[in-house]
Amino acid sequence: MTLSWGNVGQTTLIWNGTAVTPPSPPVITTGTIFSVAENVAFSTQLDADIPVTFAKSGGADAALFTLTAAGLLGLSAKNYELPTDANADNTYLVEVTATSADLLTASVSISVSVTNVTEGGGGNGFAQLVLNAAAKTGFTYWIRLL
Ligand SMILES: [Ca+2]
Ligand SMILES: [Ca+2]
């Protein structure tokens, strides 16, 4: 039995005189740039070209993300007006690493941008008055229309 590598620069593994294809590192096939509206939880399923196990491996906001070994990445709902990412720019960063059965790895940096939603009054300068029909009994409302 002989086991030998090819010449320097070759990647062919010779096993008992037969070329064997060495294992390839995984490739993460899902996107890395996401956005989500504020007040909405983010979730996405990561995937690779071969079976892998996912784990967080870095990123400024890694602690805020959840990630299962099967690649389900999550981020709880965020408030655009009160960002909690490391540099407070509403872009949350995490690095994930996929590890194959051959212990080969691939890493990607993922960003999730939280986008603003106009809240509280619609932004036309007038407060919205909502009358609750059940609660108004016994009261008289005077509304001056401008
Ligand atoms: Ca950020
Ligand atoms: Ca907002």
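This passage describes how the strands of a predicted protein model are arranged and which residues come together in its core.

The overall make-up of the chain is a good place to start. The protein chain contains zero helices and 10 strands. Read from the N terminus on, its elements therefore follow the pattern β-β-β-β-β-β-β-β-β-β. Of the 146 residues in the protein chain, 12% are buried. Contacts that reach along the chain can also be counted: among those between residues at least 6 apart in sequence, 59% join residues at least 24 apart.

One open sheet is built from four strands in the order E4-E10-E9-E6, and its pairing is mixed. The edges are taken by strand E4 (33-37) and E6, and because each has a single partner strand, one side of each is left without a neighbour in the sheet. On average, and with direction ignored, neighbouring strands of this sheet are turned by 30° against each other.

The mixed character of the sheet can be followed pair by pair. E4 and E10 run in the parallel sense and are joined over five bridges. Within E10, Ser 111 is the residue that stands opposite Ile 33, and Val 114 is the bridge partner of Val 36. E9 and E10, by contrast, pair in the antiparallel sense, over nine bridges. Here Leu 93 has its bridge partner in E10, namely Ser 111. Ser 111 thus appears in both pairings, standing opposite Ile 33 and serving as bridge partner of Leu 93. E9 and E10 also form a hairpin, with four residues between them. In the turn of this hairpin, Leu 103 has a positive phi of about 65°.

Val 36 offers a closer look at the edge strand E4, in which it is found. Is this residue buried, exposed or partly exposed? Val 36 has 18 other C-beta atoms within 10 Å, and because a buried residue needs 20 or more and an exposed one has 12 or fewer, it counts as partly exposed. Leaving out residues up to four places away in sequence, Val 36 touches Phe 42, Val 112 and Val 114. Its C-alpha atom is separated by 6.1 Å from that of Thr 115, although the two residues are 79 residues apart along the chain.

A second group of strands forms another open sheet. Three strands take part, in the order E5-E8-E7, with antiparallel pairing. Strand E5 (42-45) and strand E7 (65-67) stand at the edges, and since each has a single partner strand, one side of each lacks a neighbour in the sheet. From one strand to the next, the twist averages 15°. E5 pairs with strand E8 (residues 72-75) over four bridges in the antiparallel sense; for example, Ser 43 has Gly 74 of E8 as its bridge partner.

The last feature is the largest nonpolar core, which has 14 residues. Which of them touch the most other members? They are Leu 46, Phe 54, Val 96, Ala 98 and Ile 110. At least two residues of this core are supplied by each of strand E6 (52-58), E8, strand E9 (91-100) and strand E10 (105-115). E9 gives the largest share, four residues. The surroundings of Ala 98 can be listed in full: apart from neighbours within four places in sequence, Ala 98 is in contact with Pro 26, Ile 28, Ala 48, Val 52, Phe 54, Thr 105 and Ala 106.

Terms used:
Residues are numbered from 1 along each chain as its sequence is written. Chains are lettered from A and ligands numbered from 1 in the order in which they are written. This is a predicted model: local features need pLDDT of at least 70, side-chain atom pairs count only at pLDDT 80 or more; totals for chains, interfaces and linings use all residues. Two strands pair if DSSP finds at least two bridges between them. Axes are lines fitted to C-alpha atoms, for helices over the stretch in contact, and angles run from 0 to 180 degrees between N-to-C directions. A nonpolar core is a set of buried Ala, Val, Leu, Ile, Met, Phe, Trp, Tyr and Cys residues joined through C-beta atoms within 7 Å. Two residues are in contact if their C-beta atoms, placed from the backbone, lie within 7 Å.
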